[in-house]
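Me: Please take a close look at the largest pocket of this model and at the parts of the chain around it. I would like one connected account in place of a list.

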Amino acid sequence: MISITIPTPDVTIMKQENPVLSHIYGFTDFHLITREKGGIFMFYNDKDELLFVGKARKLRPRIKKHFEDNVSVMKPHRDEVAKIEVCIIDDAVDREIYETYIVNKLRAKYNVEKVLYK
């Protein structure tokens with residue numbers, strides 16, 4: 001049996017109620033997320049329920065794309081996101097394993113691919 005431990009987030013950013021600075025759906029701290037490194041990211045709602053898990057070679061642009069892109073699975077649910085957690089994971093195979101594991105272990109609400117628990 002393989003034992004997988006969900007990594008501790010390296011960065012967590014929270015939605016702000018009335019952001020003063022420029023923002024995307026209430027988030028102003030995207031600068032805290034690395035632009036150059038890869039990893040996994042998790043979107044949570046205000047009840048701390050996991051909404052979506054994703055992976056990326058370059059984290060910040062990929063996360064922002066979920067808030068800007070017209071074809072994102074998250075498009076109809078962007079307002080629900082209250083917290084974003086980011087884990088830096090350099091190896092592409094490790095990212096794939098963590099993403100699949102977290103989607104199924106924590107039953108991410110809006111992931112449609114890699115779901116094994118239906």
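Reply: In this predicted model, the largest pocket holds about 320 Å³ of space. Its lining is made up of 18 residues, and those nearest the centre are Phe 52, Arg 62, His 66, Glu 99 and Glu 113. Three elements each give two or more residues to this lining, namely β3, α1 and α2 (92–105). The largest share, 4 residues, is that of β3. By residue class, the lining comprises 7 nonpolar, 4 polar and 7 charged residues.

The setting of the pocket can be described from the record and from the fold. UniProt, in an unreviewed entry, places the feature "domain: GIY-YIG" at residues 36–112. Over that range the chain is 31% helix and 25% strand, with 27 Å between the end C-alpha atoms.

Helix α1, one of the contributors to the lining, spans residues 59–68, and its buried residues are Leu 59, Arg 60, Ile 63, His 66 and Phe 67. Seen down the helix axis, these buried residues fall within an arc of 125 degrees, so they line one face of α1. The underlying geometry is general: an α-helix has 3.6 residues a turn, so residues three or four places apart point the same way. The buried residues of α1 pack against three strands, β2 (39–44), β3 (50–56) and β4 (83–88). His 66 thus appears in two descriptions: it is among the buried residues of α1, and it is also among the residues nearest the pocket centre.

The strands that receive α1 lead to two further residues. Lys 83 lies in strand β4. With a relative accessible area of 12%, Lys 83 is counted as buried, because the cut-off for that class is under 20%. Beyond its neighbours up to four places away in sequence, Lys 83 touches Thr 12, Ile 13, Met 14, Phe 27, Met 42, Phe 43, Tyr 44 and Asp 48. Lys 83 is also 9.9 Å from Lys 47, C-alpha to C-alpha, although 36 residues separate the two in sequence.

Asp 48, one of the residues that Lys 83 touches, is placed in the loop between β2 and β3. Its relative accessibility of 47% makes Asp 48 partly exposed. Asp 48 is not a glycine, yet its phi is positive, at about 65 degrees. As a general rule, most residues other than glycine have a negative phi. Arg 107 shows a positive value as well, with phi near 50 degrees in a residue other than glycine, and it is located in the segment after α2.

That segment after α2 also contains Val 115 and Leu 116. Val 115 is buried, at 17% relative accessible area, whereas Leu 116 is exposed, at 71%. Apart from neighbours within four places in sequence, Val 115 is in contact with Val 103 and Asn 104. The C-alpha atoms of Val 115 and Ile 102 are 10.0 Å apart, for a sequence separation of 13 residues. For Leu 116 and Thr 100, the corresponding values are 8.9 Å and 16 residues.

How values were computed:
Residues are numbered from 1 along each chain as its sequence is written. This is a predicted model: local features need pLDDT of at least 70, side-chain atom pairs count only at pLDDT 80 or more; totals for chains, interfaces and linings use all residues. Side-chain values use heavy atoms; hydrogens and water are left out. UniProt positions are given in the numbering used here, feature names are shortened, and annotations may be inferred rather than shown by experiment. Buried means under 20% relative accessible area, exposed over 50%, partly exposed in between (1.4 Å probe, protein chains only). The arc is that of the directions from the helix axis to the C-beta atoms. Contact means heavy atoms within 4.5 Å. On a 1 Å grid over the protein atoms alone, a cavity is a set of points where a 1.4 Å probe fits but cannot get out, and a pocket is an open set with protein on both sides within 12 Å along at least five of seven lines; lining residues have an atom within 4 Å of a point. Grid points are joined across faces, edges and corners, and a volume is the space filled by probe spheres set on the points. Ala, Val, Leu, Ile, Met, Phe, Trp, Tyr, Cys and Pro count as nonpolar, Asp, Glu, Lys and Arg as charged, and the others, Gly among them, as polar.
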